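Got the model open in your viewer? Let's walk through it one selection at a time.

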Amino acid sequence: MSSNPKIIIRMGSHAEKDYILKLSNQLDGIIIGANVVEATAGATASLVGKKLQLPYYIDPVTYVFGCPLDGIKSEQKRNKKTVIDYKRAYRRLAPELGDIFSNALANNIPVVPGNFTGSILKNVCQKVVEYQLKRLHAEFEKDEEYKEYARSIPSPAGVFSPYFFISSDEWLELFLRLSKTTADINPSVPVYSVLCADYESLAEKSFTDKIANELPETGVAGVWLWFSRFDEWAVQEKYLSAFKVLVQQLSEKGLEVYNRHGGYFSLALNKFGMNGISHSVGYGEKKDVLQIKGPPNAPMVRYYLPDIYKRISTLNIERCFDDLNIVTPQDFHDKICSCVICKGVVKDDRLEFQQFGDMRHATSESKRMSQTPAAAKRCRFHFLMNRICERNFIGENELSTIIREISNAQEKWKDQPTVVNDCNHLARWEAALSS
């Protein structure tokens, strides 16, 4: 059992690097997707080699080549025409990882287990490992002016075996073969598997037993769990409990266990062997495997209410102020949040809290209001500060104390009509952690 869970931030773009750099001395590492590397290779190499003193991992994102390939396409301008084609980052990434991935794009046919015949499986594992170990070094080495900086880039904290979404027994067997073959390469850093499957697989005992019994035999150092559609705040208790049991079983077999997309419940599973969690700077605590086609919409970054470990509307929280007897800024800090961000925003009047929800028309033609960049930034920093405090609290306290805090939150918010419906997960969390 790990004594202190780790927080490893997923950097979705270089626009997020300021959050990571400012909090780097309090974080435990970062993960950078290979698509981000290919989109901004020079900037990524510079960040890792010269600016950021944190353990890092490169996620090879091989799973996208086994999913419907429309998910990695976008509208693009070519010769004054709009076409639908693979995003440039993935077009660059495929040949770096090997022919099996290039062929998938060329033929517009996803990778399937039957592609891994003969020596292909071992070759894929070697290419994927080499990519993670050498890609950033190669970016500097190809330029004589910056070649000397290549030596300043440390090795990643670990490498991931190639992984795909497990949707059948055939994919499950391939997962185990890829894990073992990658571990047998015996690189200079630990090898981790990524167990990627639908969350409903947690209810299949034959599935979880096979993972718990056979994955430790592959020789990997650990596993990153990614159960698609696993929403800690919404799934039934049976899935939370099954997730807890799987974490405990894998940990007891000697594996390091991480949740690739996790929140407070996953952090609390540190008491059952969870080594750490990963998420982005203001989102990413849950993620579906299937890609959403088309340009992403900028999400509303809502305020993270520490008591209930969830983001909710600032207006709904503000409507509770009178019932909670929050009159002064000090009342707010005592009963809502006392992080450095909240103390900097709510200084003179409780209504300054509204700054976390500031909205505006992005342009004079905009019909809808959108969150201001400043409000989104406040919410992200506030969330990260609280997540760091949560990590420390869990590391320093017994399970009984963690459960009691969850129970106290239910009692505090049960009579607040604008918040109570956002608290339904607390009872399920308490039951799953207590069982």
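Start by selecting strand 1 and strand 2 (residues 29–33): they run parallel, and four bridges join them. This is a predicted model, by the way, so keep that in mind as you click around. For a concrete pair in these two strands, pick Ile9 and then its bridge partner, Ile30 in strand 2.

Now widen the selection to the whole sheet. Which order do the strands take? Reading across, you get 3-2-1-10-9-8-7-6, eight strands in an open sheet with parallel pairing. Go to the two ends next: strand 3 (56–59) and strand 6 (159–160) are the edge strands, and each has a single partner, so one side of each has no neighbour in the sheet. As a bit of background, strands in a sheet pair through backbone hydrogen bonds, and the pairing can be parallel or antiparallel.

For the antiparallel kind, jump to strand 4 (residues 73–78) and strand 5 (residues 81–86), which pair over six bridges. Click Lys73 and you'll find its bridge partner, Tyr86, in strand 5. Further along, Arg78 stands opposite Lys81 of strand 5. The two strands make a hairpin with two residues between them, and Asn79 there takes a positive phi near 50°.

Time to zoom out. Colour residues 6–279 as domain 1 and residues 303–434 as domain 2, following the domain assignment of the protein chain. Their C-alpha centres are 31 Å apart. How many residues of each domain are in contact with the other? Domain 1 supplies 29 and domain 2 supplies 26. Between them the two domains bury about 2500 Å², with 70% of that on carbon and sulfur atoms. On the domain 1 side, show Tyr19, Trp233 and Tyr264 as sticks: these lose the most area to domain 2, together 34% of what that side buries.

Stay at this interface and look for charges. The count of salt bridges between domain 1 and domain 2 is one. To see a salt bridge up close, select Asp28 and Arg391, whose closest N and O atoms are 3.1 Å apart. Polar contacts add to the picture, with 11 residue pairs found across the interface of the two domains.

Which elements should you highlight on the side of domain 1 that touches domain 2? Those giving two or more residues are strand 1 (6–11), helix 1 (17–22), helix 9 (237–252), helix 10 (264–268) and strand 10 (274–279). Colour that side by residue class and you'll get 16 nonpolar, seven polar and six charged residues.

For the last stop, head to helix 11 (residues 314–318) and select Asn316, which lies in it. What does Asn316 touch, leaving out residues up to four places away in sequence? Show Thr418 and Val419, and you have its contacts. Draw a C-alpha to C-alpha distance from Asn316 to Thr418: they are 5.1 Å apart in space and 102 residues apart in sequence.

Terms used. Residues are numbered from 1 along each chain as its sequence is written. This is a predicted model: local features need pLDDT of at least 70, side-chain atom pairs count only at pLDDT 80 or more; totals for chains, interfaces and linings use all residues. Side-chain values use heavy atoms; hydrogens and water are left out. Domain bounds come from an automatic or database domain assignment. Contact means heavy atoms within 4.5 Å. Buried area is the accessible area (1.4 Å probe) that two parts lose on being put together, summed over both. A salt bridge is a side-chain nitrogen of Lys or Arg within 4 Å of a carboxyl oxygen of Asp or Glu. A polar contact is a pair of N or O atoms within 3.5 Å; within protein, one must be able to donate a hydrogen and the other to accept it, and residues adjacent in sequence count only if both atoms are side-chain atoms. Ala, Val, Leu, Ile, Met, Phe, Trp, Tyr, Cys and Pro count as nonpolar, Asp, Glu, Lys and Arg as charged, and the others, Gly among them, as polar. Two strands pair if DSSP finds at least two bridges between them.
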